[in-house]
Amino acid sequence: MAIQFSSWLELIDMGGHGIFVWTTVSVSLLIFLILVLLPVSAHSRTLKNVELNMEFEARSLQNADADK
Amino acid sequence: MIRSFFNLIWLYRLSSPKFFYRISGRVIPWLFLASITLLAVGLFWGLLIAPPDARQGHSFRIIYIHVPASFLALAGYYFMAAAGAVGLVWRTKMSFWFMKSAASIGAAMTFIALFSGAIWGRPSWGTYWVWDARVTSMLILLFLYLGVMAMIRAFDNSELGQKNGAILGLIGTVNVPIIYKSVDWWHTLHQPATLKVTTESSIHIDMLQPLLVMIAGFYLFYALAICLFLRAEILYHEQGTSWVKELCARRKKVRGVL
């Protein structure tokens with residue numbers, strides 16, 4: 001149980017295979033990030049939409065009262 | 001008997017959008033914490049501590065992304081198809097929303113599996129892409145996921161789209177056992193399975209342990225993503241209902257206090 005690499009450079013290079021390993025890891029993490037951000041942004045978009053609709057409804061109710 | 005009875009009740013209650021929305025809201029922070037922790041530990045262990053492979057050197061470390069992603073790509077297809085079947089039989093809208101969520105996440109997992117496999121192919125096979133039985137059947141899986149995603153969205157009548165998507169998903173399940181068996185039926189380039197349930201795995205314990213951590217992390221992340229997608233779907237479809245309006249009113253009040 002020891003770290004296999006003695007320096008940062010060695011860790012990045014991984015005996016010439018670093019480019020393959022780190023590309024895979026970073027692309028996968030990027031996709032994971034997208035999988036979190038997509039639904040979260042859709043969720044808040046809907047919430048905002050509902051709030052706008054509620055405000056609109058409340059205002060039109062007020063206007064209807066004022067017209068009376 | 002009694003236990004399975006209670007389990008069914010839970011399943012039934014989870015098919016209520018409002019109930020699922022409330023429960024998942026409480027579970028999500030824990031799922032987030034647990035999956036991030038497991039993925040971080042698994043990556044650190046797999047990329048830095050596990051010994052390099054005797055033949056492949058350090059490029060074998062791609063296994064810690066490739067194998068868990070492939071697991072979820074295949075298991076996720078069963079989840080999606082089963083949800084579609086439940087939706088077709090019992091007409092529960094939640095099952096169709098689950099199917100839609102699982103299709104997007106499954107497609108992402110399949111893409112990760114194919115992409116990591118292609119990158120891994122370069123140092124170990126000498127090429128990014130081969131029309132090998134395993135690789136080709138995984139590509140078909142990606143197209144099936146994309147097909148289900150497109151089918152769900154292809155109709156003005158969303159119910160019709162969901163039903164057709166479910167049927168396409170069910171037909172596509174025939175591909176999943178073919179993927180599992182492809183490395184045994186056709187002796188092409190892809191190596192046989194590393195992890196086996198019935199016999200001893202062909203991987204050293206020092207390399208296996210971080211792999212198991214990564215698989216657990218991927219499963220938890222999958223559950224997290226399902227919860228997030230399903231909540232967005234629920235809110236979108238239920239935005240006209242009174243419980244969503246109450247939820248928004250309560251949020252507004254909280255913001256007013258802050």
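Met14(A) lies in the loop between α1 (8–13) and α2 of chain A. Its phi is near 45°, a positive value in a residue other than glycine. Met14(A) has 20 other C-beta atoms within 10 Å and is therefore buried. These values, like those that follow, come from a predicted model. The model has an ipTM of 0.90 and a pTM of 0.91. For chain B the mean pLDDT is 91, and 95% of its residues reach 70 or more.

Chain A contains 2 helices and 0 strands. Along the principal axes, its C-alpha trace spans about 80 × 20 × 20 Å. The radius of gyration of chain A is 26 Å, whereas a compact globule of 68 residues would have a value near 11 Å. Of the 68 residues in chain A, 16% are buried, and Met14(A) is one of the buried residues.

Chain B is likewise without strands: the assignment gives 9 helices and 0 strands. In sequence order the pattern of chain B is α-α-α-α-α-α-α-α-α. The C-alpha atoms of chain B occupy a box of roughly 60 × 45 × 40 Å along the principal axes. Buried residues account for 38% of the 258 residues in this chain. When contacts in chain B between residues at least 6 apart in sequence are considered, 76% join residues at least 24 apart.

The contact between the two chains involves 28 residues from chain A and 36 residues from chain B. On the side of chain A that touches chain B, 18 residues are nonpolar, 9 are polar and 1 is charged.

The largest nonpolar core has 71 residues, and those with the most contacts inside it are Ile105(B) and Ala225(B). Both chains contribute: α2 (18–67) of chain A gives two or more residues, as do α2 (17–49), α3 (63–90), α4 (93–125), α5 (133–153), α8 (205–237) and α9 (242–257) of chain B. The most is given by α8(B), with 18 residues. In soluble globular proteins, nonpolar side chains tend to be buried together.

Residues up to four places away in sequence being set aside, Ile105(B) touches Leu35(A), Gly76(B), Tyr222(B), Ala225(B), Ile226(B) and Phe229(B). The list thus includes a residue of chain A, Leu35(A), as well as Ala225(B), the other residue with the most contacts inside the core.

Phe221(B) is located in helix α8 of chain B. This residue is buried because 24 other C-beta atoms lie within 10 Å, the threshold for burial being 20 or more. With neighbours within four places in sequence left aside, Phe221(B) is in contact with Phe32(A), Ser35(B) and Leu39(B). The C-alpha atoms of Phe221(B) and Leu38(B) are separated by 9.4 Å, although the two residues are 183 residues apart along the chain.

Helix α4(B) has 33 residues, which at 1.5 Å a residue should span 48 Å; its end C-alpha atoms are 46 Å apart, in agreement with that expectation. Of the 33 residues of α4(B), 25 are buried, so the helix is largely enclosed by the rest of the structure. This helix is also among the elements that give two or more residues to the largest nonpolar core.

Positive phi values occur on either side of α4(B). In the loop between α3 and α4 of chain B, Arg91(B) has phi near 55°, a positive value in a residue other than glycine. Arg91(B) counts as exposed because it has 11 C-beta neighbours inside 10 Å. After α4(B) comes Gly126(B), with a positive phi near 85°. Met14(A) and Arg91(B) can be set side by side: Met14(A) is a buried loop residue, whereas Arg91(B) is an exposed loop residue.

Helix α9 of chain B contains Arg251(B). With 13 other C-beta atoms within 10 Å, Arg251(B) is partly exposed. The C-alpha atoms of Arg251(B) and Ile140(B) are 44 Å apart in space, and the two residues are 111 residues apart in sequence.

How values were computed: Residues are numbered from 1 along each chain as its sequence is written. Chains are lettered from A and ligands numbered from 1 in the order in which they are written. Two residues are in contact if their C-beta atoms, placed from the backbone, lie within 7 Å. Ala, Val, Leu, Ile, Met, Phe, Trp, Tyr, Cys and Pro count as nonpolar, Asp, Glu, Lys and Arg as charged, and the others, Gly among them, as polar. Helices (H or I, at least four residues) and strands (E, at least two) are DSSP runs, numbered from the N terminus. The radius of gyration is taken over C-alpha atoms; the globule rule is 2.2 Å times the number of residues to the power 0.38. A residue is buried if 20 or more other C-beta atoms lie within 10 Å of its own, exposed if 12 or fewer, and partly exposed in between; C-beta atoms are placed from the backbone. A nonpolar core is a set of buried Ala, Val, Leu, Ile, Met, Phe, Trp, Tyr and Cys residues joined through C-beta atoms within 7 Å. The expected span of a helix is 1.5 Å times one less than its number of residues. pLDDT is the predictor's confidence in each residue, from 0 to 100.
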